[in-house]
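Here is a short report on a structure. Read it with the sequence and the 3D view open beside you.

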There are 2 protein chains.
Amino acid sequence: MSSPTAERAKRADAQRNIAAILEAARDCLVEDPDVNVGEIAKRAGVGRVTLYGHFSSRAELVDAVFARTLEDSDHALEAVDLSGDPRAALDRLIASSWHIVDQFRSLLIAAQRSMPQERIRATHERPLRRISGLIARGRDEGSFRSDLSVEWMVALFHSVVHTAADEVNAGRLTDEDAPRVISATLQAAFAPTSHM
Amino acid sequence: MSSPTAERAKRADAQRNIAAILEAARDCLVEDPDVNVGEIAKRAGVGRVTLYGHFSSRAELVDAVFARTLEDSDHALEAVDLSGDPRAALDRLIASSWHIVDQFRSLLIAAQRSMPQERIRATHERPLRRISGLIARGRDEGSFRSDLSVEWMVALFHSVVHTAADEVNAGRLTDEDAPRVISATLQAAFAPTSHM
DNA sequence: AACAATTCGAACATCTCTGTTCAGGTTCCG
DNA sequence: CGGAACCTGAACAGAGATGTTCGAATTGTT
């Protein structure tokens with residue numbers, strides 16, 4: 001039954017350990033982007049050697065955690081209704097994106113230190129497309145300005161949400177205020193220019 | 001003549017070397033925030049031991065380079081006329097800040113990896129005050145919106161300029177377009193809300 | 001029960017970087 | 001010119017981290 005190329009299914013305990021390692025790695029990396037492999041193994045309740053048996057290098061582990069997190073995030077974003085008035089949709093997207101970014105800010109830093117830029121970008125592709133799609137539609141319908149490139153507006157979206165996360169982290173902004181502030185900023189930045 | 005607390009003046013060759021090290025360190029850190037001490041010494045045309053004779057640790061050297069760069073930047077910003085229409089002043093400030101941030105983006109990363117957050121913030125104090133002052137005045141005069149905190153607007157200023165630098169670095173924005181895009185973004189984000 | 005897959009810790013090999021020591025040479029400064 | 005300050009390269013010590021090897025024990029699968 002097993003095709004020549006298909007690897008034999010892992011044993012149950014191996015699968016459990018892999019899952020535990022991924023979960024522990026995510027937790028550890030969120031706390032400290034420079035956490036070492038030993039710490040991750042310990043938190044996963046597993047020997048360091050076992051970890052290396054499943055992930056041949058630290059970079060590979062970080063990549064796996066990062067990719068999986070982006071997948072999860074994209075799945076969460078799938079539930080957001082992006083139809084209707086683009087401005088309202090933008091607010092909904094902000095509300096949902098905010099917590100995700102805030103939560104995994106440190107994980108992104110870890111990724112930036114061990115993964116090539118293109119790989120990080122590629123991993124972001126699907127969530128990026130959601131934002132990009134909404135912005136493009138908003139422009140077409142005249143709800144958003146057209147004198148700035150979609151790419152820039154996407155970058156701005158990212159940037160503003162991230163900045164809010166940093167400000168919360170620094171104690172200069174509260175958790176509850178963040179979505180409102182982000183929204184007030186982006187809605188103004190995206191609005192069509194009056195004098196055209 | 002030398003007071004008890006005053007250190008004896010360094011010898012001329014020592015002063016030259018210190019200057020060479022600072023300059024080399026700035027160049028190296030701009031190219032690679034993780035550059036090692038040996039590389040910096042080599043570029044300064046000096047032995048590693050000599051470097052450690054003047055800076056007792058890598059962190060101290062990074063701090064010195066960073067502080068000096070911020071000083072230089074602040075001095076450059078001093079020439080910018082921040083009086084008159086706040087909107088026009090903002091544009092002038094953007095034009096001047098843009099190149100500085102673009103140039104020393106990598107240096108900031110190096111600082112973030114070896115200096116405590118408060119120290120980085122403290123080093124930014126003077127340039128930060130310029131921005132903050134302009135924004136406050138613009139708000140008072142009704143040129144800028146008042147429904148967002150000055151702190152947030154300052155953070156946004158930083159963030160947008162930085163994002164532009166990243167986008168240029170990634171090839172998604174050209175060097176010449178950057179100031180215009182930054183300005184178009186910030187002016188919109190700072191403008192008073194119409195429906196108040 | 002038997003076999004293979006998996007795990008374990010401890011030890012090992014390496015690498016890279018930081019920071020120090022030393023002994024001898026060079027440069028400055030009065 | 002004489003002494004102190006300074007520089008030098010090489011070598012050393014040490015901290016961490018990654019990744020590997022080993023033999024023995026354990027656990028899943030059939």
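## An oblique pair: H5 and H8

H5(A) and H8(A) are oblique to each other, because their angle falls outside the named ranges: under 35 degrees counts as roughly parallel, over 145 as roughly antiparallel, 65 to 115 as roughly perpendicular, and the rest as oblique. Helix H5 of chain A covers residues 86-114, and it packs against H8(A) at an angle of about 60°, with the axes 9 Å apart. An axis here is a line fitted to C-alpha atoms, for helices over the stretch in contact, and angles run from 0 to 180 degrees between N-to-C directions. The crossing of H5(A) and H8(A) is right-handed. That term applies if the near helix is turned clockwise from the far one by less than a right angle; anticlockwise gives left-handed.

Which residues make this contact? H5(A) brings Ser97(A), Trp98(A), Val101(A), Asp102(A) and Arg105(A). H8(A) answers with Val161(A), His162(A), Ala165(A) and Val168(A). Two residues are in contact if their C-beta atoms, placed from the backbone, lie within 7 Å. By class, this contact has five nonpolar, two polar and two charged residues. Ala, Val, Leu, Ile, Met, Phe, Trp, Tyr, Cys and Pro count as nonpolar, Asp, Glu, Lys and Arg as charged, and the others, Gly among them, as polar.

## The model and its numbering

This is a predicted model: local features need pLDDT of at least 70, side-chain atom pairs count only at pLDDT 80 or more, and totals for chains, interfaces and linings use all residues. Residues are numbered from 1 along each chain as its sequence is written, while chains are lettered from A and ligands numbered from 1 in the order in which they are written.

## Chain A overall

Chain A has nine helices and zero strands. Helices (H or I, at least four residues) and strands (E, at least two) are DSSP runs, numbered from the N terminus. The C-alpha trace of chain A spans about 65 × 45 × 25 Å along its principal axes.

## Two more helix pairs

H8(A) also meets H9(A). Their axes come within 10 Å and cross at roughly 155°. H8(A) and H9(A) are therefore roughly antiparallel to each other. This crossing, too, has a hand: H8(A) passes H9(A) in a right-handed crossing. Among the H8(A) residues in the contact are Met153(A), Leu156(A) and Phe157(A). From H9(A) come residues including Val181(A), Ile182(A) and Ala189(A). The class split is 13 nonpolar, one polar and no charged.

Now take helix H4 (residues 58-78) and helix H7 (residues 125-140) of chain A. They pack at an angle of about 30°, with axes 8 Å apart. H4(A) and H7(A) are therefore roughly parallel to each other. Leu70(A), Ser73(A), Asp74(A) and Leu77(A) of H4(A) touch Arg126(A), Pro127(A) and Arg130(A) of H7(A). Here the residues divide into three nonpolar, one polar and three charged.

## Chain A meets chain B

How many residues does each chain give to the contact? Chain A gives 18 residues, and chain B gives 18 residues. On the side of chain A, helix H8 (150-169) and helix H9 (177-190) each supply at least two residues. H8(A) gives the most, with eight residues. This side of chain A has 11 nonpolar, three polar and four charged residues.

A rotation of 180° with 0.0 Å of shift along its axis superposes chain A on chain B, with an RMSD of 0.0 Å. That is the relation of a two-fold axis. In chain A, the C-alpha nearest the axis belongs to Ala189(A), 2.4 Å away. The same surface serves both copies, as 100% of the contact residues of chain A recur in chain B. The fit is by least squares on the C-alpha atoms of residues with pLDDT of at least 70 in both copies.

## Around the DNA

DNA strand D has 22 residues around it. A residue is near a strand if its C-beta atom, placed from the backbone, lies within 6 Å of it. Ala12(A), Asn36(A), Ser57(A), Gly47(B) and Thr50(B) come nearest to strand D. Helices H1 (12-31), H2 (37-44) and H3 (48-54) of chain A each supply at least two residues of this surface, as do H1 (12-31) and H3 (48-54) of chain B. The surface near strand D has seven nonpolar, eight polar and seven charged residues.

Which residues come nearest to DNA strand C? They are Gly47(A), Thr50(A), Ala12(B), Asn36(B) and Ser57(B), out of 22 residues around that strand. H1 and H3 of chain A and H1, H2 (37-44) and H3 of chain B each give two or more residues there. The surface near strand C divides into seven nonpolar, eight polar and seven charged residues.
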